[in-house]
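I opened my notebook to get to know a structure I had not seen before. Here is what I looked up, in the order I went.

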Amino acid sequence: MSTMATHNATSRSAGSNGKNPPHRKSASRTRRKAVDYAIRYALLIFMFILLAGPFIWQFGTSIKGPTESIFTANPFPNQPTIENYTAVAETIPVFRYIGNSLIVATSSAVLNCIFASLAGYVLARMKFRGRTLVDVLFLATIIIPFEVIMVSVFLTSRSLGLVDSLLGVILPAAATGLSILIMRTAFQALPREIEEAAMIDGASDWQRFLRVALPSVRGSLVVVAIFAFVFAWDDFLWPLVILKNPDNYTLTVGIQYLSGTFTSNQRVVAAGTMIAVIPLLLLFFGLQRWFFRGVGEGGIKG
Amino acid sequence: MKAQYRWLPWLFLAPALVIAFLFHLGPFLNTIVLAFTDATTLGGGTFNGLDNFTSLAQDPQFWTSVRNTVLYAVVVVPLLMLLPLLLAVLVERNIPGIGFFRSVFYSPVVASMVVVGLIWSWLLSSDGAVNGVLQALRIVQEPLPFLTDTSLLLLSCMLVTVWKGLGYYMVIYLAALGNVSKELHEAAQVDGAGGGRRFWSITMPGVRPTMFLVGLLGAIASMKVFAEIFVISNGSAGPGGQARSLVYTIREVGLGLSGEIGYASAMSLALFVLTIGFSILYLRSQRSEQLR
């Protein structure tokens with residue numbers, strides 16, 4: 001199916017039987033290549049419509065005024081308006097929700113980076129009694145699905161006074177087993193010699209970690225930060241459980257609240273979903289190579 | 001490398017360990033204990049043996065949840081094993097603009113399930129775009145009740161799960177496709193094997209271990225399904241709550257008004273057994289793979 005394959009196959013078969021005159025061979029090759037390309041791009045465009053279409057459609061709906069039909073095949077209005085976005089802001093405290101989501105996602109990213117690199121470094125580099133046990137414990141946190149323990153986590157959070165607070169949203173995912181695994185793998189891949197040289201120069205463990213090892217795993221830190229940020233921004237179930245007062249909602253819970261409680265106005269709901277998704281899509285298109293690297297480092301193992 | 005101080009590793013590990021114990025391991029042990037009590041959110045909690053489990057066995061709501069959750073995996077897993085692989089084959093070759101397409105195909109993964117669910121509940125509504133297209137093509141006369149019929153609602157949620165997951169598993173498959181022998185493909189083409197034949201006989205065997213892995217990830221994700229159903233049904237899990245998943249019911253029973261913590265914990269253990277069951281199945285099949 002690849003160009004290379006088509007190319008080689010045609011020239012090889014031509015070489016072996018040699019019946020076709022050269023110019024016809026090349027003409028049929030070009031034609032076959034063109035057909036192959038056409039089919040490929042047609043399929044790509046079909047998948048584009050299938051996967052990006054709903055977002056585009058929703059965006060179009062979100063900028064349509066009350067006089068324009070949202071039931072036609074044309075996704076875009078003649079006169080775009082932002083009135084649906086102001087309607088969102090009038091119905092729910094959307095700026096507060098954006099702020100809450102930003103606090104939760106940023107804290108989660110920062111805490112995961114700090115806690116996971118500390119733990120990952122120890123597991124990759126230090127020898128101490130109880131290491132295997134710690135390994136098993138962190139592995140267990142990956143294997144036990146959060147949904148299984150959710151009710152008990154709620155009880156724990158309640159006894160810690162974390163119900164209805166953003167801290168309560170943040171803490172359970174502040175050092176995930178996956179983040180620790182990624183950092184540990186990254187530290188293991190570093191050559192030991194550099195750190196050993198630093199040790200001979202009299203650097204302490206802490207200095208070795210901070211000045212030598214940590215700067216060398218910046219890439220993995222970015223991956224951990226992005227994954228933690230996106231997970232926290234998108235998460236729905238846990239904030240729904242722990243946040244009771246609508247003033248404290250994060251954006252995902254707030255948007256569902258908007259659509260479930262206040263409005264059957266599809267234009268306003270569309271505007272709400274766009275507010276929740278556009279920042280993330282921008283983040284993704286800006287940093288996409290890190291997202292794909294993250295799937296490689298985290299997804300396949302996790 | 002020897003640590004300078006014996007307590008240093010533990011100091012480094014402390015924050016991660018505290019969180020692991022407080023929010024993962026402790027609650028897990030607590031879930032096991034609570035499953036054998038009649039605890040509620042208001043307190044209580046005396047040991048009641050296997051009462052919760054005998055009640056579960058007779059609880060139609062529980063069995064509906066289990067049935068829907070298992071059905072979810074049965075439908076979603078094969079689709080997630082196959083469709084993203086086809087998509088990966090489509091975007092594998094570096095033709096102009098392919099990076100753009102790859103990124104766009106991944107974008108549903110980045111969006112929250114709440115956003116995706118709300119978009120699709122609009123597309124699937126009786127006057128939504130999907131029914132519009134089906135009616136325009138004269139496939140159906142009347143709009144299909146995607147959101148109000150229990151089976152169709154569940155099916156819609158499944159397709160939304162697949163739609164959102166396509167890009168993620170596509171990226172996993174792309175990495176695996178790099179290891180499939182190009183020579184084998186070329187040789188097969190010389191022998192006159194068409195695209196479908198080569199996909200079946202070369203690509204699929206080549207990415208077999210990855211297909212198993214994707215199957216496992218998909219199965220575990222199916223066991224945990226919640227947001228799709230909650231958002232698309234607007235919190236109701238369909239007419240009479242018949243489209244409920246296990247997690248939906250656990251949340252309703254344990255964290256709803258009645259707050260039956262003990263009973264919900266027993267249900268959580270059932271969920272855990274299901275999830276682990278799939279993982280063990282996977283590891284078994286992996287081992288028999290290696291023995292072959």
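My entries start with the chains and then move to single residues.

**Entry 1: the two chains.** I noted first that this is a predicted model. I then looked up the secondary structure of chain A and found 15 helices and 0 strands. Chain B comes to 13 helices and 0 strands, and I read its pattern along the sequence as α-α-α-α-α-α-α-α-α-α-α-α-α. For the extent of chain B, I got about 75 × 70 × 35 Å along the principal axes of its C-alpha trace.

**Entry 2: burial and contacts within each chain.** Chain A has 302 residues, and 42% of them count as buried. For chain B, I found 292 residues with 46% buried. I also asked how the contacts are spread along the sequence. In chain A, 74% of the contacts with a separation of 6 or more are between residues 24 or more positions apart. In chain B, 69% of the contacts between residues at least 6 apart join residues at least 24 apart.

**Entry 3: where the chains meet.** How many residues does each chain bring to the contact? I found 79 residues from chain A and 76 residues from chain B. On the side of chain A, the largest share, 10 residues, comes from helix α2 (residues 22-62). Sorting that side by class gave me 53 nonpolar, 18 polar and 8 charged residues.

**Entry 4: the core.** I looked up the largest nonpolar core next, and it has 170 residues. Those with the most contacts inside it are Ala119(A), Val224(A), Ala16(B), Met170(B) and Met267(B), so I wrote down names from both chains. I remembered the general point that in soluble globular proteins nonpolar side chains tend to be buried together. I picked Met170(B) to follow up: leaving aside neighbours within four places in sequence, it is in contact with Pro84(B), Leu87(B), Ala88(B), Val91(B) and Phe105(B).

**Entry 5: one helix checked.** Does the length of helix α11 (residues 218-234) of chain A agree or disagree with what is expected? At 1.5 Å a residue, its 17 residues should span 24 Å, and its end C-alpha atoms are 24 Å apart, so the two agree. I also found that 13 of the 17 residues of α11(A) are buried, so the helix is largely enclosed by the rest of the structure.

**Entry 6: Ile144(A).** I found Ile144(A) in the loop between α5 (131-143) and α6 (146-159) of chain A. Is Ile144(A) buried or partly exposed? It is partly exposed, because 19 other C-beta atoms lie within 10 Å and a buried residue needs 20 or more. Not counting residues up to four places away in sequence, Ile144(A) touches Ile149(A), His24(B) and Phe28(B). I also looked up its separation from Val268(A), 124 residues along the chain: their C-alpha atoms are 38 Å apart.

**Entry 7: two positive phi values.** Most residues other than glycine have a negative phi. Asp164(A) is not a glycine, yet I found a positive phi of about 70° there. Asp164(A) sits in the loop between α6 and α7 (166-170) of chain A, and it counts as partly exposed because it has 15 C-beta neighbours inside 10 Å. Asn234(B) also has a positive phi, near 55°. I placed Asn234(B) in the loop between α11 (227-232) and α12 (246-255) of chain B. With 16 C-beta neighbours inside 10 Å, Asn234(B) counts as partly exposed.

Technical notes: Residues numbered from 1 in each chain as written. Chains lettered and ligands numbered in written order. Predicted model: local features only at pLDDT ≥ 70, side-chain atom pairs only at ≥ 80, totals over all residues. Contact = placed C-beta atoms within 7 Å. Helix = DSSP H or I, 4+ residues; strand = E, 2+ residues; numbered from the N terminus. Nonpolar A, V, L, I, M, F, W, Y, C, P; charged D, E, K, R; others polar. Core = buried A, V, L, I, M, F, W, Y, C linked by C-beta atoms within 7 Å. Buried ≥ 20, exposed ≤ 12 C-beta atoms within 10 Å, placed from the backbone. Expected span 1.5 Å × (residues − 1).
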